[in-house]
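Colleague: Could you give me a close look at one part of this model, and connect it to what lies around it? I would enjoy a full walk-through.

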Amino acid sequence: MSSPLSTRVGQVFIPVSDMTAAVGWYAELFGFDADTGRLGHEDTIFDIPTEGPPYVCLDANQPDVLPSGPARCFFLTDDLEATVAHLGTLDVAHVSPIEDIGSLRFVTFKDPDGNVLMAAERR
C-alpha cells in the first residue's frame, strides 16, 4: 500500500509560555547563540538551530498519555553522563535516573514550562 504521506517528521513543537525566557533556556541547554534562531509568526515561533531531521519513535509503554509526560521526542547525545552533568549546571527540574533499555540509554527532564524532554544515547 502506498501513501502520499511520509513517515519523516518535519518539526516537533514544544509549547512555551514566555518566548524570551524559553529561547534563553534552550540556548543554554543546547549551547547556541539565541540570536541564531529564527523568530517568526509575530514572535510566536522560534526555530532552534538543528543538525537535521528528528526520528520517529513509537512507544507503547504508556498508552494513557498525560499532559505532563511521557516525552514526545528525544535529543541525541554521544555522552549521557556529560549531558546529565550539563543539566545539573542549569538547575533543570526532574532529571530522572539513567535508564538502559539495551539499544538506548536515556534520562528525562523538564523545561521551565513543564514539558517532558528526553536525552538519549544510542548503543
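Modeller: Gly-31 comes right after helix H1 and has a positive phi, near 75°. Before we go on, please keep in mind that this is a predicted model, where local features need pLDDT of at least 70 and side-chain atom pairs count only at pLDDT 80 or more, while totals for chains, interfaces and linings use all residues. Residues are numbered from 1 along each chain as its sequence is written, and side-chain values use heavy atoms, with hydrogens and water left out.

H1 itself covers residues 19-30, that is 12 residues, and spans 16 Å from first to last C-alpha, close to the expected 16 Å (1.5 Å times one less than the number of residues). Helices here are DSSP runs of H or I with at least four residues, strands are runs of E with at least two, and both are numbered from the N terminus. At the N-terminal end of H1, Asp-18 acts as the cap, with a side-chain oxygen 3.2 Å from the backbone nitrogen of Thr-20. The buried residues of H1 are Met-19, Ala-22, Val-23, Trp-25, Tyr-26, Ala-27 and Leu-29 (buried is under 20% relative accessible area, exposed over 50%, partly exposed in between, with a 1.4 Å probe and protein chains only).

Now for the sheet. It is open and has 4 strands, in the order S3-S6-S5-S4, with mixed pairing (two strands pair if DSSP finds at least two bridges between them). S3 (74-76) and S4 are the edge strands with a single partner each, so one side of each has no neighbour in the sheet. H1 packs on this sheet, where it touches S3, S5 and S6 (116-122), and its direction is at about 155° to that of S5. Contact means heavy atoms within 4.5 Å; the angles, from 0 to 180 degrees, are between N-to-C directions of lines fitted to C-alpha atoms, for helices over the stretch in contact. H2 lies across S5 and S6 and runs at about 10° to S5.

That brings us to S5, the part I would look at most closely. Of its 7 residues, 6 are buried, so the rest of the structure largely encloses S5. S5 (residues 104-110) pairs with S4 in the antiparallel sense over 2 bridges, and Asp-100 has Arg-105 as its bridge partner in S5. The hairpin of S4 and S5 has 3 residues between the strands, and Gly-102 there takes a positive phi near 95°. S5 also pairs with S6, again antiparallel, over 7 bridges, with Lys-110 opposite Val-116 in S6. In that hairpin, 5 residues lie between the strands, and Gly-114 has a positive phi near 90°.

Two residues of S5 deserve a pause. Arg-105 counts as buried because its relative accessibility is 11%. The Arg-105 side chain makes a polar contact of 2.9 Å with the side chain of Glu-81. A polar contact is a pair of N or O atoms within 3.5 Å; within protein, one must be able to donate a hydrogen and the other to accept it, and residues adjacent in sequence count only if both atoms are side-chain atoms. Beyond four places in sequence, the contacts of Arg-105 include Leu-80, Ile-98, Glu-99, Ala-119 and Arg-123.

Further along S5 is Phe-109, which is buried with a relative accessible area of 3%. Leaving out residues up to four places away in sequence, Phe-109 touches Trp-25, Leu-29, Leu-87, Val-92 and Val-95, among others. Recall that Trp-25 and Leu-29 are among the buried residues of H1. Ala-93 is another contact of Phe-109; the two are 16 residues apart in sequence, with their C-alpha atoms 6.3 Å apart.

The loop between H2 (80-89) and S4 (99-100) holds Asp-91. Its phi is near 55°, a positive value in a residue other than glycine. Asp-91 counts as exposed because its relative accessibility is 69%.

To place all this in the whole chain, the protein has 2 helices and 6 strands, following the pattern α-β-β-β-α-β-β-β along the sequence. Buried residues make up 28% of its 123 residues. Of the contacts between residues at least 6 apart in sequence, 44% join residues at least 24 apart.
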